[in-house]
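Welcome, and please have your viewer ready with the selection tool at hand. We will go from the whole chain down to single residues, one stop at a time.

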Amino acid sequence: MSSTGPRPWPEFIAGASAVDIPTSFSDAAIRVRRNLKYFSVNYAILISACAACSLIGTPILLIFFCLIFASWLIFLFFREDPMVVLGHQVSDLAVISGLATVSAIVVWYTGILNSLMIGIMMGVLLSVIHGSLRNPEGLFVDEDDAVSSGLISNAERGSLH
């Protein structure tokens, strides 16, 4: 699950040349899906920033949120090698489960759920708007993505190497 890291912010924001209105709802859905794959870490940072902004009124809760966010970044998004604990490799599913459990416990005991949900929903809304308006044409496509989206076949992929 380890991602490639955040894409450059100027590329994420893009100029007016990369932004246009989709022709249909299905076109918007395709754009959101492609942009989500390409800019996944940028969207996670955007959603987390919106959630953090919703907690500015309570600095102690904001500190807890920042610690949880940093642990997600360190243990999941920015990790390049498999996680090893006491000599045993830990699967990505176990890492996600542990991070989700700790996050849920902190949210439950601090009582920040309402404020946090408003911030998260604002971040998701901004991400969907960006994803539907940002034309994904010209973005770098990974070979695996090209095969799964039907741009190239497995036979063509083999001849590329």
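The tour below tells you what to select and what you will find there.

**Stop 1: the whole chain**

Show everything as a cartoon, and keep in mind that this is a predicted model. You should be able to pick out 8 helices and 2 strands. Starting at the N terminus, the elements follow the order α-α-α-α-β-β-α-α-α-α. The chain has 161 residues, and 29% of them are buried.

Now colour by pLDDT, the predictor's confidence in each residue. The chain's average is 80, and 81% of the residues reach at least 70. Which elements have the lowest and the highest mean pLDDT? Helix α8, residues 154-160, has the lowest at 52, while α6 has the highest at 90.

Contacts tell you about the fold as well. Taking those between residues at least 6 apart in sequence, 73% join residues at least 24 apart.

**Stop 2: two stretches from a record**

Select residues 45-78 and then 90-109: UniProt, in an unreviewed entry, labels both as "transmembrane region". Such an annotation may be inferred rather than shown by experiment. In the model, residues 45-78 are 82% helix and 0% strand, with the end C-alpha atoms 12 Å apart. Residues 90-109 are 90% helix and 5% strand, and here the end C-alpha atoms are 27 Å apart.

**Stop 3: helix α5**

Select residues 92-110 to highlight α5, a helix of 19 residues. From first C-alpha to last, α5 reaches 27 Å, close to the 27 Å expected at 1.5 Å a residue.

Next, show the side chains of V95, L99, S103, V106 and V107, the buried residues of α5. Turn the view until you look down the helix axis: these buried residues fall within an arc of 95 degrees, so they line one face of α5. What do they pack against? Their partners are α4 (59-77), β1 (83-85), β2 (88-90) and α6 (113-133).

Rotate to the face turned away from the buried side of α5, where you will meet the exposed residues L93, W108 and Y109. Then step just past the end of α5 to G111, which takes a positive phi of about 75 degrees.

**Stop 4: helix α6**

Move on to α6, with its 21 residues. At 1.5 Å a residue α6 should span 30 Å, and its end C-alpha atoms are indeed 30 Å apart.

Pick out the buried residues of α6: L116, G119, G123, S127, H130, G131 and S132. Several helices help to cover them, including α1 (9-13), α2 (25-38), α3, α4 and α5.

While you are in α6, click on N114. Is N114 buried or exposed? Its relative accessibility is 64%, so N114 counts as exposed, the cut-off for exposed being over 50%. Now find S54, which is 60 residues away from N114 along the chain. The C-alpha atoms of N114 and S54 are separated by 9.5 Å.

**Stop 5: the aromatic rings**

How many aromatic pairs does the structure hold? There are 3. Show F39 and Y43 as sticks to see an edge-to-face pair, with 6.3 Å from centre to centre and 75 degrees between the planes. F39 has 0% relative accessibility, so F39 counts as buried. Y43 is buried too, because its relative accessibility is 4%. Add Y38 to the selection, and you have one aromatic cluster made of Y38, F39 and Y43.

For another arrangement, select F65 and F69. Their ring centres are 6.4 Å apart and their planes lie at 5 degrees, so this pair is stacked. The two residues are 4 apart in helix α4, which means that about one helical turn separates F65 from F69. F65 counts as buried because its relative accessibility is 13%. F69, at 23%, counts as partly exposed, since buried means under 20%.

**Stop 6: S48**

Finish by selecting S48, found in helix α3 (residues 40-53). With 14% relative accessibility, S48 counts as buried. Which residues is S48 in contact with, once neighbours within four places in sequence are left aside? The contacts are F65 and F69, the stacked pair from the previous stop.

Methods: Residues numbered from 1 in each chain as written. Heavy atoms only, no water. Expected span 1.5 Å × (residues − 1). Buried < 20%, exposed > 50% of the residue type's maximum accessible area, 1.4 Å probe, protein only. Arc of directions from axis to C-beta. Contact = heavy atoms within 4.5 Å. pLDDT = per-residue confidence, 0-100. Phe/Tyr/Trp six-rings, centres within 6.5 Å; stacked < 30°, edge-to-face > 60°.
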